[in-house]
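Here are my notes on this one, written as numbered points. Have the structure open while you read.

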Amino acid sequence: MLIGLVGKPSVGKSTFFKAATLAEVEIAAYPFTTIKANHGVGYVRIECIDKEFNTNCNPSHGFCINHQRFVPVELMDVAGLVPGASEGKGLGNQFLDDLRQADIFVHIVDVSGTLDVEGKPTENHDVCKDVEFLEDELNKWFYNILMKVWRSFARKAEIEDMKFSEAVAHQFSGLKVKEDHVKDVLLKLNFSKKPSTWTAEQLKEFAAALRKMSKPMIIAANKVDTENGKKNFEKLIKEFPYLMIVPCSADSELALREAAKAELIDYIPGDSEFALKSVPSSGEGKIKGELSEKQKLALEDIKKVLKEYDGTGVQEVLNMAVFNLLKYVAIFPASANKLADSKGNILPDCFLLPEGSTALDFAFHLHTDFGNNFIKAIDARSKKALGKAYKLKHRDALEIVTR
Ligand SMILES: Nc1nc2c(ncn2[C@@H]2O[C@H](COP(=O)(O)OP(=O)(O)OP(=O)(O)O)[C@@H](O)[C@H]2O)c(=O)[nH]1
Ligand SMILES: [Mg+2]
């Protein structure tokens, strides 16, 4: 699972990335601060199942606080994208190449309205324009790739009577386009069965639909903490009712995570509140990290954001991307009698699988041998046996029984 953060320069992509991963990356208020893509590990948050079993888990990847399990997902922060990028403007195509492997995009939009479309300072920028131009550039990017091969490809596919969707998926495999994506797009567009007769307009439509299907996008309306943030966030929602738009303050999340790391506050990512840590009384030498007056004031401001939007939005964006847009499910391998692995670690693993995955898919996900020798799955909660076609449900705990 790779989540790509995209958007015009200076919208807060690296801030979001740093808040989610706590990786050291450069953040600054001038365009093209990021040039080389940053890769890091962020997390989606789910209600851990350990509570139901009256125990505490020991994750081997990610972590768990107060029965809130944080499951790793890969994040990528790239250079800012400007209009014309698909034709090489700004950092152009090299940056688009970085995005090939993404499963989903988080489009970070700056709702302060103080940046023009190239990320330079301005006033009252129309934030809706950002959504339009970015989608447009991504669609053009797919279209250009398609056009490189199209003519010979379409004819060959017809002559050799290839399965068209399979051939397209193969052609776009570097962009993680799957055969099902192509099938869905073809069904939706209902174009002629002879692709070589498609018009230029139809090809554009095809490329755009393929992009949308294979790289769905969620919008993080970032900088809602600013003066015009709320107004512009509401404008986005009104203008694009069919898009998933989450209000966000990456800057606030970063401050909270850093303060929590420095043990100045208690904060669980995604919560809508935090608590100041009580400072130990004197006599214990230097107190580790005491909040300055400035920090206290900043935290007061953040409190207002948390209250108004029920959190900073960073965790919400990642969760919505994985569970609502991609509709993945989180599955725990667990034996019906024992939740621990051979080393005594309780519920060490939790895997994210695509919507519609079955018990057999899960077995293959764990190990090819498990898949090949699958007999049944057992639900650790109900102890009931499940067949290979069983559709996985979010937060299932399953044991795979093999020959
Ligand atoms: N008020 C406010 N400022 C923010 C927020 N997120 C980021 N910023 C500021 O916006 C500026 C740009 O942030 P970056 O994270 O470097 O932006 P970027 O999108 O990575 O920029 P490029 O790498 O140049 O494309 C910095 O000054 C940040 O502190 C936010 O939620 N609220
Ligand atoms: Mg950056």
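The points below take the salt bridges, then the two pockets.

1. Keep in mind that this is a predicted model. The salt-bridge count comes to 21. As general background, side chains of opposite charge can pair when their charged atoms come close.

2. Start with Arg45 and Asp271, which form a salt bridge whose closest N and O atoms are 3.0 Å apart. The two sit 226 residues apart along the chain: Arg45 is in strand S2 (residues 38–47), while Asp271 is in the loop between strand S8 (265–266) and strand S9 (275–276). Is Arg45 buried or exposed? Its relative accessibility is 17%, so Arg45 counts as buried, the cut-off being under 20%.

3. Next up is Arg395 with Glu52, a salt bridge with 3.1 Å between the closest N and O atoms. Arg395 belongs to the loop between strand S13 (385–386) and strand S14 (396–402), and Glu52 to the loop between S2 and strand S3 (63–65), so this pair ties together parts 343 residues apart in sequence. Glu52 is partly exposed, at 43% relative accessible area.

4. Lys120 and Glu118 make another salt bridge, with the closest N and O atoms 2.9 Å apart. Both ends are partly exposed: Lys120 has a relative accessible area of 41%, and Glu118 has 23%. Elsewhere, shared partners join the salt bridges of Lys18, Glu24 and Glu258 into one network.

5. Now the largest pocket, at about 1,100 Å³. Its lining takes in 41 residues, with Asp103, Lys178, Leu326, Tyr328 and Pro354 nearest the centre. Which elements give two or more residues to that lining? They are strand S4 (68–77), helix H5 (179–189), helix H6 (200–214) and strand S11 (351–353). S4 supplies the largest share, six residues. If you care about the chemistry of the wall, the lining of the largest pocket splits into 22 nonpolar, five polar and 14 charged residues.

6. The second largest pocket has a volume of about 370 Å³. There are 23 residues in its lining, and those nearest the centre are Ser10, Gly12, Thr15, Ile27 and Ala28. Helix H1 (residues 13–21) gives the most to this lining, with three residues. By class, the lining of the second largest pocket has ten nonpolar, eight polar and five charged residues.

Methods:
Residues are numbered from 1 along each chain as its sequence is written. Chains are lettered from A and ligands numbered from 1 in the order in which they are written. This is a predicted model: local features need pLDDT of at least 70, side-chain atom pairs count only at pLDDT 80 or more; totals for chains, interfaces and linings use all residues. Side-chain values use heavy atoms; hydrogens and water are left out. A salt bridge is a side-chain nitrogen of Lys or Arg within 4 Å of a carboxyl oxygen of Asp or Glu. Helices (H or I, at least four residues) and strands (E, at least two) are DSSP runs, numbered from the N terminus. Buried means under 20% relative accessible area, exposed over 50%, partly exposed in between (1.4 Å probe, protein chains only). On a 1 Å grid over the protein atoms alone, a cavity is a set of points where a 1.4 Å probe fits but cannot get out, and a pocket is an open set with protein on both sides within 12 Å along at least five of seven lines; lining residues have an atom within 4 Å of a point. Grid points are joined across faces, edges and corners, and a volume is the space filled by probe spheres set on the points. Ala, Val, Leu, Ile, Met, Phe, Trp, Tyr, Cys and Pro count as nonpolar, Asp, Glu, Lys and Arg as charged, and the others, Gly among them, as polar.
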